[in-house]
Amino acid sequence: MKTFHDFGIEVTSNTGQVSTTCPECSNQRRKKNVKCLSVNTDEGVWCCHHCGWTGTLKVGSQRTNNLHWRKPQYRKPDPVSSSGLTEGSVSWLEGRGISETTAKDCGVHVKEVYMPQSEEVKKAFVFPYYRDGELVNAKYRAGKKEFRSEVNAERILYGLDDIKEDDKTIIFVEGEMDKLSLWEAGIRNCVSVPDGAPSVDSKDYSSKFDFLNEPRINGDDRMYVLAVDNDAPGQMLQEELARRLGKEVCSRVTWPEGCKDANDVLMEHGKKLLAECIEHAEPYPIVGTFTTGDLSDQLIDLYENGLEKGVSTGWDSLDAHYLVRPGCFSVVTGIPGSGKSNWLDAMMVNIAKRHGW
């Protein structure tokens, strides 16, 4: 069997999990000495968190040029070793309206991980993604909005295991902090999309919605509340989710003035108003359908003032029976040669002179 040295991997220990530089990408980067390659020396496997290079001592590098479709071989992250939160992380979460209890309930913890944006190993929040109690993916957040997910791991919904069979409604949000915000407000039947909203410049992002192929969230009697961000990418996400789930079974949330998402509402207005926003979600608009709310002004005016009267035809004897009102359909009929056109022309002249039509 080959050794790590045969693949250009330098390890300082023969046992356990170690981090080292990646022979595939480190020499091409600005920070060449960052240890972005995780190596499990006991199992003889490795994975680069920067370029995604993986392999095993048994079969070597697992890159392939096979263009034929095959079922993706997803990699699962290492099991959560601890669920600790540092004093600083608890303080930061509380500043966003999230309690330590909520964070722990949702499995959030802190660990040191490699972040490709800064090419450094940093302390980061870990948001674990579970399906049926099994850790499928993990998302990391560090510094000033540095994010990454596990390399080659399956993209599933965050909070998937919080959805129960008897939940008639599922709430979709755009990020993990929004999911935690709804949990803080006592709402459990909520999931977050794994990669946020697509860029407004995206041409084809159909593959990014594979997370919807999940039996747990589908069903004939399911309803969906879309509580995504109030910005251009968020509205793109909302429209795509509604299109795929079915607009007739979707509702959408309107956030208060000045609030972009659920976490903004929690911080600015508190748990009660956040829960009310979800409760008062409105049916997703469908072209050609109207609600009483759409026509309320006209209905109130009709109730208070009655039908708008038309204008005079110019003949007092006829006005007692017929007035001309915009938007109404009138039919002038008679036998041929009885003067229908002459009479209509005369009435039009009367109206033009009296009312300026």
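This dialogue goes through the sheets, helix contacts, cores and single residues of a predicted model.

Reader: What should be known about the model and its numbering before reading it?

Author: Residues are numbered from 1 along each chain as its sequence is written, and side-chain values use heavy atoms, with hydrogens and water left out. The model is predicted, and local features need pLDDT of at least 70, side-chain atom pairs count only at pLDDT 80 or more, while totals for chains, interfaces and linings use all residues.

Reader: Which strands form the open sheet that includes strand 1, and in what order?

Author: Strands (E, at least two residues) and helices (H or I, at least four residues) are DSSP runs numbered from the N terminus. Two strands pair if DSSP finds at least two bridges between them. Here five strands make an open sheet in the order 1-2-3-4-5, with antiparallel pairing. Strand 1 (17-20) and strand 5 (60-61) are at the edges with a single partner strand each, so one side of each has no neighbour in the sheet. Inside the order, strand 3 and strand 4 (residues 54-56) are antiparallel and joined by three bridges. T54 in strand 4 is the bridge partner of C47.

Reader: Where is E43, and is E43 buried or exposed?

Author: Buried means under 20% relative accessible area, exposed over 50%, and partly exposed in between, with a 1.4 Å probe and protein chains only. E43 belongs to the loop between strand 2 (37-40) and strand 3 (45-48). Its relative accessible area is 60%, so E43 is exposed. From E43 to L57 there are 14 residues in sequence and 8.6 Å in space, C-alpha to C-alpha.

Reader: How is the sheet with strand 6 arranged?

Author: This open sheet has four strands in the order 6-7-8-9, and its pairing is antiparallel. Strand 6 and strand 9 (146-149) are the edge strands, each with a single partner, so one side of each is left without a neighbour in the sheet. On average, neighbouring strands of the sheet are turned by 40° against each other, direction ignored.

Reader: Which bridges and turns link strand 7 to strand 6 and to strand 8?

Author: Strand 6 (residues 109-115) and strand 7 (residues 120-131) run antiparallel and are joined by seven bridges. Among the pairs, Y114 is opposite V121, and V113 has K122 as its bridge partner. The hairpin of strand 6 and strand 7 has four residues between the strands, and E119 in that turn has a positive phi of about 55°. Strand 7 also pairs with strand 8 (residues 134-142), antiparallel and over seven bridges. P128 is opposite A138 in strand 8. In the hairpin of strand 7 and strand 8, two residues lie between the strands, and D132 in the turn has a positive phi of about 55°.

Reader: How is the packing of two helices described?

Author: Two packed helices are described by the angle between their axes and the distance between the axes. Axes are lines fitted to C-alpha atoms, for helices over the stretch in contact, and angles run from 0 to 180 degrees between N-to-C directions. Angles under 35 degrees count as roughly parallel, over 145 as roughly antiparallel, 65 to 115 as roughly perpendicular, and the rest as oblique. The axes of helix 3 (residues 176-184) and helix 5 (residues 262-269) come within 7 Å and cross at roughly 45°. Helix 3 is therefore oblique to helix 5.

Reader: Which residues of helix 3 and helix 5 meet?

Author: Contact means heavy atoms within 4.5 Å. M177, D178, S181, L182 and E184 of helix 3 meet A262, N263 and L266 of helix 5. Helix 3 also lies across strand 7 and strand 8, at about 60° to strand 7.

Reader: How do helix 5 and helix 6 cross?

Author: The axes of helix 5 and helix 6 (residues 271-279) come within 7 Å and cross at roughly 140°. These two helices are therefore oblique to each other. On the helix 5 side A262, V265, L266 and H269 take part, and they meet K271, L273, L274 and C277 in helix 6.

Reader: Which residues of the largest nonpolar core touch the most other members?

Author: A nonpolar core is a set of buried Ala, Val, Leu, Ile, Met, Phe, Trp, Tyr and Cys residues joined through side-chain atoms within 4.5 Å. The largest has 57 residues, of which V108, I171, F172, L182, L241 and W255 touch the most other members. Not counting residues up to four places away in sequence, the residues that F172 touches include L157, V191, L212, Y224 and L245. A second, separate core has 15 residues, among them I9, C22, C25 and Y114.

Reader: Is S251 buried or exposed?

Author: S251 lies in strand 13 (residues 250-252), and its relative accessibility of 15% means that S251 counts as buried. Neighbours within four places in sequence aside, S251 contacts Y224, V225, L226, A281, E282, P283 and Y284.
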